[in-house]
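Subject: A structure for you to look at

Hello,

Here is the structure I promised to pass on to you. Have a look at it first, and then read on for my notes.

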Amino acid sequence: MDKILIVDDEPNILLSLEFLFKKEGYRVFIARDGEEALAIIEENVPTLIILDIMMPKVDGYEVCNFLKEHHPEVKIIFLTAKGKQKDKEKGLGMGADLYLTKPFSTKELVAQVKQLLQVETNN
Amino acid sequence: MLSDSLIILFTFGYLALLFAIAWYTERSAEKGRRLGQNPYVYALSLAVYCTAWTYYGSVGQAATHGLQFLTTYIGPTLIAPLWWVVMRKIIRISKLQGISSIADFISSRYGKNATLGAIVAVFCLVGIIPYISLQVKAIANSFNILHISNQTEVMASTVFRDTAFYLSLGLAFFTILFGTRSIEANARHDGVVMTVAFESLFKLFAFLAAGVFVTYFIFDGFASIFDAVSEAGYEALFTLRGENRNFEWFWLSILSMLAMLFLPRQFQLGVIENTDERHLDKAMWLFPLYLLLINIFVLPIALAGLTYFQGDTVNADTFVLALPIAKDQAWLAVVIYLGGFSAATSMIIISTIALSTMVSNNLVMPLLLVSSRMQNKYQNRLSSLLLWSRRISILAIILLAYMYYRVVVWDFSLVSIGLVSFVAIAQFAPAILGGIFWKGGARIGAITGISVGFVMWFYTLVLPTIVHGGFLPEGILTDGPWGISFLKPYALFGFQDLDYVSHGLFFSLVPNILAYILLSIWTKQNSKEHNQALVFVDIFKYSETLDSSIVWKGKAYLPDLKALLENFLGVAETKKLLDRFFLSMGKPIHGDLYADPALVNYSERVLSGIIGAASARIMVASVVKEEEISLEEVLGILKETQELKSLNDELKSKSKQLRQATRELQSMNEALRTNDLLKDEFISTVTHEMKTPITSIRAFSEILLDDDLPEEEKKRFLGIIIQETSRMTRLIDQVLDLERFDSGRQELNLEKVSVGILILEACDSIGQVFKERKLIFKINLDFEELFLLVDEDRIKQVILNLLSNAAKFAKTKVVLAAARDSHYLSVRVMDDGKGIPEEEIPYIFDKFFQAKNQTSKKPIGSGLGLAISKKIIEYHGGEIEIQRIDGLTCFHFTIPIQSETQNPKLNEKQTNYG
């Protein structure tokens, strides 16, 4: 079963995402900041990660870099309020598979995640 | 004693040393090191004032007339502070007008009048040549004293066996070599000046050596000399007595003052050779100091000589040298002899340079230029003619002085000849001083004044010497000419109580001044004269715009003017000068066929430096078709230049203001741009902060829409939506709030409220939070009743903000303490949380500080609370800051108390919510 790690410092956002993906039948892990995320990755490498950028201690970029270096197979989705074109280019430039901005459509997000994971299984 | 040949060897050796110093200095100057250009050399060179007369004659005068010798040094010392007013002005004028001598200065002031220049030059020659011959005499005498001590022949019988003759030739050679190197008469003679400075040091050293020897080796210090003198009955010499003494002292001091300023050699070194006006600062005290030092031992030596040579017929003028010889101090005698030699030579060299310049520029040139035939004849050889006329006159002047010494019978002491020369020079004072301070001083007045003064000088001071020489009957002195007793040269109109020098000065200077003033008032200046008068008197006003402030009207063909300059300067130098001129005027080089007035004036100024003002005037006039201009025009144009200058000043200050304004605009622009940046950043932060609640709201709304959820779940999610909505409302409110404060549109709703009640109400409303978090909450109120004019809701908002922040961070307790003094209400909110890191303190009141600060865990809140609190407190005229007190984090704000009269009473109220 695909494992999804959701990282965000807003508890309510975390709550909604957790609810959404659990309902879709994924194994869901949550982290309140980058540090927690790295700790979870250490024990349990996810198939896909949904990553906020602006977080205390360790930010989303660092988590992304860590994954690209140690676990390049992990699918990465940035989900952030930083909506400028410049930010988007930076995120995708770092190797993320998707760059989505807040506020997001739940349906679309779920569809995108499914598609990413499907490609994975097809290959 | 030493042999004659050895003494001659020393003398010429010393002369060789002078050559070496001059040569080395000139060499360095060529390489760009101007050794002589400092105030010390300048001040020392001025000590050329102390000639052989000072060196030998002061002692002689002290021995016969007592303290009166001091007048010669009191005058210059008294006037030294005035140098700043008089000398500086003369220097500035001379620099800007290219003045080359005192005759040039006077002629230049009175309309560049050639006649006046020639008169002054002639009078200088007549007045100074005897003075130079006095120096030759001093050299010869001192040589003879050493010579006599050898017990051989007393005086050289023929000129060609006379050492003084060869020394004079040597000096002439030195002067020609180093004094006429450049054609420009106002050029600096670095080598000569350095030599003179050296000689001044040397003569001071030698004289002090003589003084110390006499005072401490022959006698036992000053006291023992005076004791010996008292016994011999010479006290009268060092006391002031006599009915007319005050009068004499006054006139003699005036005399030396004028001599110090206007003697050709002083003018040469003080003005022409001056390289920097600021050197006057130091010279003003160094020169009087020099005079003091060289005079310390005059009286002791005189008194020592009198007592030592009692009964002998030793001339008092020779005491300085005679005393060491009498004591068999051969080497000391040689040093003293050379000291006297140095005093004489420096005077001869400088005086000769000054006089030769006057001869060439004020006598030879104008005479040549008067006749056009002569002018044509020498057309292309003018510059070499000029140089040779200077060289020949140097030789001629020195030989004349030598002849004067040989021929004229010398009954007179050194001092009397010197003073007679002083009186001659003093005749220039009215024309010069009047010329630089009084615009009305006119040419006719100057010519008449100087001439009258000279005639009187000749009659009262020179005529008697001729009589004494046996050329005229004695009766002129004893009974007056033709037996008219009130015309007696020594006692005009029966004034016979004065000594003859004061008498002569009085009867020459007073008529001189009267003639100068009266004729200046009665005659009208012509335009050229008036122009120069204005420029001289107001020199500091015209300094910058000189070429255009000298009024001139006419036309000059540029090639003619160029040819004229080339005559004196050569082709290359002329091109250089003209290029420099065009460059400084910002005009194309050699673009015009006709020279404009500024160029004509410039050329005339350059020529003035070479051939003197009057001659330059004549030369320029020969190539220029000049139109006579009226006085009104002169005044008009001069006024224009002054207006132009003030306009220029105004423009300068305007452009300064403009630059200032530009700078201000730039910085304002900068501020605006930063402001813009801040605003952009603020907006992007606000939108970012808003996206967070909206994201939650949207996500949960969609979840609620799509799914059939259990009732409990539904309720929970709806709760979250409501919570996030109010978070957004709060954020929007605060942003609007802050924006109003920032733009200054926020208005406070001021009311007189009881501060105590306000604080307690605020505390009550948040009390529940403390209870929930199980925190101890303490309130300390330091007063009972305090009414302040504040916006109640806003102050409550601040207190609530601080308390809720404290509640977020506190571990166990929060304390609110309010106190007052006569000026301020002060409120502290403290918590025992982990505190704010030092480096964050400066930013803690910034908007969205927390949002931007990614390193700390984000607490709940908009991030605008503290920024708004700060604004509110500032709006109330107070301050808010963060402190650390006893391990507690403390937010502290103050509000000024307007005019309250309540007595603070201690009242502690404690509410424990824990």
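Below is what I found, beginning with the sheet in chain A and ending with two helix pairs in chain B.

Please keep in mind that this is a predicted model.

**The sheet in chain A**

A good place to start is the open sheet of chain A, where five strands are arranged in the order β2-β1-β3-β4-β5 and pair in parallel. The edges are taken by β2 (27-31) and β5 (98-101) of chain A; each has a single partner strand, so one side of each is left without a neighbour in the sheet. From one strand to the next, the twist averages 20°.

Inside the sheet, you can follow the pairing of β3 (residues 48-51) with β4 (residues 75-80) of chain A, which is parallel and runs over four bridges. To find your way to it, look for I49(A), whose bridge partner in β4(A) is I76(A). Helix α4 (residues 85-93) of chain A lies across β4 and β5 of that chain, at about 150° to β5(A).

**A salt bridge**

Over all chains, the structure holds 18 salt bridges. One of them joins the side chains of K102(A) and D8(A), at 2.8 Å from N to O. K102(A) sits in the loop between β5 and α5 (106-122) of chain A, and D8(A) in the loop between β1 (3-7) and α1 (11-23) of chain A, so the pair ties together parts that are 94 residues apart in sequence.

**Two helix pairs in chain B**

In chain B, try α1 (residues 4-30) and α9 (residues 190-218): their axes come within 8 Å and cross at roughly 135°. That angle makes α1(B) oblique to α9(B), and the crossing is right-handed. Among the residues that meet here are L17(B), L18(B) and I21(B) from α1(B), and F198(B) and F202(B) from α9(B). By class, this contact has 10 nonpolar, three polar and three charged residues.

Further along chain B, the axes of α20 (residues 429-437) and α23 (residues 500-522) come within 9 Å, with a crossing of roughly 40°. These two helices are therefore oblique to each other, and their crossing is right-handed. On the α20(B) side, P430(B), A431(B), G434(B) and G435(B) meet L509(B), N512(B), I513(B) and Y516(B) of α23(B). Five nonpolar and three polar residues make up this contact, with no charged residues.

Enjoy exploring it!

Best wishes

Terms used
Residues numbered from 1 in each chain as written. Chains lettered and ligands numbered in written order. Predicted model: local features only at pLDDT ≥ 70, side-chain atom pairs only at ≥ 80, totals over all residues. Heavy atoms only, no water. Pairing = 2+ DSSP bridges. Axes fitted to C-alpha atoms, helices over the stretch in contact; angles between N-to-C directions. Contact = heavy atoms within 4.5 Å. Parallel < 35°, antiparallel > 145°, perpendicular 65-115°, else oblique. Left-handed = near helix turned anticlockwise from the far one by under 90°. Nonpolar A, V, L, I, M, F, W, Y, C, P; charged D, E, K, R; others polar. Salt bridge = Lys/Arg side-chain N within 4 Å of Asp/Glu carboxyl O.
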